[in-house]
Amino acid sequence: MALSALWFERRPIAREFIDRELARRGVRAAYVLASIGPRAERLDHLRIGDPAHPDLVAERATVLLGWGLRGPYARAIVANGVRIAGRVTAAGKLSLGEIDRLMPPPSSAPFALPDLDLTLDDAMMRLATPAGQIVLSLQGSGNLRGGFAGHFGAVATALDYEGCRLSQPSAFLAVSIARRQPALDGPIRAAALACPGKQATVNALWLTVKARLGEHLDRWTGATGFALGALGIGGQRLAAVRGTASFDGDPRRTGGTLALATGAATLPHLAAARLGFDGRYELYSGSAFGISGHATAGGAAADRAWGVALRRGSVALADTPLAPLAARFADAFGEAASRFDVGGDIAIARQGGADRIDVQALDLVSASGARLLASGDRPLRFQAGRGVSLDGNFMLGGGGLPDLAFALRRADPAAPLTGGLRMQPYAAGGARLTLTPVTFVADGRRTRFSGQAVLDGPLPGGGVKGLTLPIAGSIAGDGSLTIGDRCGAIGFDALAAAGVRFGATRLNFCPRGVALIARDWRGRFGGGGELARPRLIGTLGRSPLTIAADAIGFDVAQASARAAALAIRLGPPDAQTRLDVAALSADRGARGRFAGLAGSIAHVPLLVRDAHGAWGLRNGVIELASDLNVSDAAMPARFNPLAAKAATLTLAAGVIRAAGTLSEPKSGRRVGDVTIVHELSTGRGNATLNAPRLSFDAGFQPDMLTPLTTGVVADVKGSVSGTGHIAWDAAGVTSNGRFTTDDLALAAAFGPVSGIKGTIRFDDLLGLHTPPHQQLTLGQVNPGIAVFGGQIRYQLLGDERVQIESGGWPLSGGMLTLQPSLLDFGHPVARRFEFAVAGLDAGQFIEQFKLDNIAATGTFDGVLPMIFDDKGGRIVGGRLIARPGGGRLSYVGDVSNAQLGTFGKLAFDALKSIRYQALEIDLDGALDGEVVSRVEFTGINDKPSGVAPAKGFARSFTNLPFKFNIVVRAPFRGLMNSASDFADPGPLLHERQPLVQGQESGSVGEKP
């Protein structure tokens, strides 16, 4: 009866027990105790926690009981319609609300699954995490120690963590337990992962998991497969990532295999059609890990900027011996880097907080045929915070690249890096480069290297052989490079350019600035150097050549060179072309400017001074364009310096050609055009001066062109035209020319000359020498007496000497003849002329001066010797003599001087009509000063027709013989030019000098 009562009261008892236990634990709950019995208990509509927001809801929960020695125990649980609300705290701890109060206390005992059959139907959990809300589901049945099978699911709209968002993540895993070991199998997916702050994105994540856990959840083993649609980090991108991994481990260590393959990849300075990795990994407790395996990149291409930089550098080396090699290397590198496959063994490890990367057995093969191979036990090791250590050998070659072999050694990252490089001769386009073994030493900041290069290569119009260059320099950690950072010497066996050839030469140099060649971390080239007092000896064609300078410097960044005090000597000493250049520059190739050039070309008797302009070398032709001054090479100079604007000079195929227009520098007056041709191989050449019209006027006189005319001629008016030629060869120099004037006027020492016409032909233009019988016609010469229509025949003898062959002018019915004479203008000696007078008609001569009160007849002959020296010109011993038969002289002018006296008047009356038998005139004195004229004649005075006969005492003096001596002192030209003004000649006569024939002669009169 008691048992029956207890059975009927079982539900209230059970409810009281449950409510009391819940209250003891502080758990709020609501439920319906649907059934209770010795084998099963069932609760319906179970709710735990806040009624408004319960932590757990179950539509039905059934506990199946088993009985043992210790009483009943739960042998199975069946739950339907379970909903749980949980959250993960910021500390990462899972909380299920008031359900946590029902959980057993923590235990140090190993985890173990209970011996319990569990059946879950429609069980779900909403898990709130700092990243977002996740919905979990679990459905299945079976014993938790073996036999359970079900499915686990997890989904979320998005999860945000540390600036990254995982979109639409989900997992659907099959769950099973066998021999107390849980197993998971199924996919895990996400639409995308984006980390904007890190510029990272992953699209279409997919992961399959096939894992088995240990009994105590302290071991795991299995495999995964994974795929990513695309992975991007910054500018790096991997497409179509696929892979598998196995794992086996415990909380202390997990390891396994890892295989990875990608589609197109874009990495820093590298792009590839595919990447791959096949190896193993190990993960340790803490942060230690290790990964090793074989990594590959297929269809790879290096950053084009590297090839562009190399091509730009090769362009900067244009017209240098390195140009073909640099171009071939740049092309070969570009081809090799445009498509290649690379593979190598790689090991990455972190131990003790230090990261380490080892690269082993690197092998790069390009589609171009190029190959880079690294071998050794440990070719390359990167250790974070310590640097690089390596012990390996490297080989590069094929595909147009040089064949290189180099070894690098560094036992410890703290130790210096040492190594050596060898290169087989590298050739291209006529260039060849050989390196002696190059050694390396790196101290962590810079890598220093030293060695020597021997270079053969082309130059514009030639090339160089055996050019020996030291290549000491350094490479910094940022990629900057220096070559030639200390003084040294360069040399060559032979050098040829534009017809120039030099033999074996050695030159000392020093860097200017950082080094001879420098490249900064941006890839920009710079540097420069200077050759100290270089001297080169060689040939140009067959002509010896010497080039020297105080200094020659170059600037790599500007691709320019500078030379100071450049001295060039070309040809043998007796026919040498000489150029001295104060400053010369070459900018970006074989072109530049020069200033302060002076020199001469072989036998050409011209000196070039103060030349400045531009030069260039193109297709083996040297070109100069310059403004310059030209002067005479002879001493003393035969002409004054001339200016040439835009003169040109070329040197091609061993021939110098020069041309320019010469002008007088002060007036700017054009003188003529000059052209010069000189063959270096034979020493032959020629020069031509063409003066189409050289005009003289008040602003432009011959003495502005040549000192030879100074003191000889002045006030020149008119023009001269003509051509001169100079030729030279091994036998010497010849010259000729032809110059013509149609109307030239000038003032000479003996008087003005006008109407000069004629042509002068030189058989030695440089020596101012002509053949005999040169002829000029003279319209008028007026040394005081104007003469017209004359001719002079002459010959220039050189050394400023003139041979007068003959000259003649009509003069008052007779002739004035210039006798042969030699005139020396090159020395301070007296120059003598002698004029002969023949058949001079006195009447015509007097009529020429329009003297109305003087009349005369008779014919005269005589000579007029003249001397010209530093004191001027003068007549010495001039004499005119009347021919036999005499003539008549009469003066019919008025006599105004009343003090003549009786005999003075008598003498003057006698002059009114004198029939002379002899008359002589002696002349002496300076042409530009006082000339003393002595006139002596004898005759009989008679009554001139039309004159009344004398009366008284005067009648006794008619038809008497008279002898006159007259001395006249006056400026010669003034006397002649003003003869018509002598209306009163009385002062010329002395009143006491009328002498009857037979009496002593004396002075009739004087006039100072």
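Student: Is Phe333 buried, partly exposed or exposed, and what is its relative accessible area?

Tutor: Good place to start! Keep in mind that this is a predicted model. Phe333 is partly exposed, because its relative accessible area is 21% and the buried class ends under 20%. Phe329 is also partly exposed, with a relative accessible area of 28%.

Student: Where do Phe329 and Phe333 lie?

Tutor: Both belong to helix α4, which covers residues 323-338. They are 4 residues apart, about one turn of the helix.

Student: How is a pair of aromatic rings described?

Tutor: The general idea is to give the distance of the centres and the angle of the planes. A search of the whole structure turns up 5 aromatic pairs. One of them joins Phe329 and Phe333: their centres are 6.3 Å apart, the angle between the planes is 25°, and the pair is stacked.

Student: What are the distance and the angle for the rings of Trp809 and Phe835?

Tutor: Here the centres are 6.0 Å apart and the planes stand at 45°, so this pair is tilted. The pair links distant parts of the chain, 26 residues apart. Trp809 is in strand β57 (residues 801-811), and Phe835 is in strand β60 (residues 831-841).

Student: Are Trp809 and Phe835 buried or exposed?

Tutor: Trp809 is buried, with a relative accessible area of 3%. Phe835 is buried as well, at 11%.

Student: Which residues is Phe835 in contact with?

Tutor: Set aside the neighbours within four places in sequence, then look at what remains. Phe835 is in contact with Trp809, Leu816, Thr817, Leu818, Gly862, Val863, Leu864 and Met866.

Student: Which residues have the most contacts inside the largest nonpolar core?

Tutor: Trp809 and Phe835 are among them, together with Leu435, Phe502, Ile676, Tyr916 and Phe937. This core has 113 residues. Strand β27 (residues 431-442) gives the most to it, with 5 residues. There is also a second, separate core of 31 residues, which includes Val27, Val82, Ala154 and Ala156.

Student: Where does Ala90 lie, and is it buried or exposed?

Tutor: Ala90 lies in the loop between β4 (71-88) and β5 (94-95). Ala90 is exposed, with a relative accessible area of 83%. You can also look at separation in two ways: Ala90 and Ala131 are 41 residues apart in sequence, and 9.8 Å apart in space from C-alpha to C-alpha.

Student: In which sense do strands β44 and β45 pair, and over how many bridges?

Tutor: Follow the two strands side by side. Strand β44 (residues 577-587) and strand β45 (residues 591-600) pair in the antiparallel sense over 6 bridges. For one matched position, Ala583 has Ala595 in β45 as its bridge partner.

Student: How many bridges join β45 to β46?

Tutor: There are 6 bridges between β45 and strand β46 (residues 606-618), and these strands run antiparallel. Leu597 stands opposite Ala611 in β46. β45 and β46 form a hairpin with 5 residues between them, and Ala602 in the turn has a positive phi of about 40°.

Student: How many helices and strands are there in the protein chain?

Tutor: The protein chain has 7 helices and 68 strands. Of its 1008 residues, 40% count as buried. The chain exposes about 52,500 Å², and carbon and sulfur atoms supply 58% of that. Finally, take the contacts between residues at least 6 apart in sequence: 45% of them join residues at least 24 apart.

Notes. Residues are numbered from 1 along each chain as its sequence is written. This is a predicted model: local features need pLDDT of at least 70, side-chain atom pairs count only at pLDDT 80 or more; totals for chains, interfaces and linings use all residues. Side-chain values use heavy atoms; hydrogens and water are left out. Buried means under 20% relative accessible area, exposed over 50%, partly exposed in between (1.4 Å probe, protein chains only). Rings of Phe, Tyr and Trp (its six-membered ring) pair if their centres lie within 6.5 Å; planes under 30 degrees apart count as stacked, over 60 as edge-to-face and the rest as tilted. Contact means heavy atoms within 4.5 Å. Accessible areas come from the Shrake-Rupley method with a 1.4 Å probe; for residues, only the protein chains shown count as cover. Two strands pair if DSSP finds at least two bridges between them. A nonpolar core is a set of buried Ala, Val, Leu, Ile, Met, Phe, Trp, Tyr and Cys residues joined through side-chain atoms within 4.5 Å.
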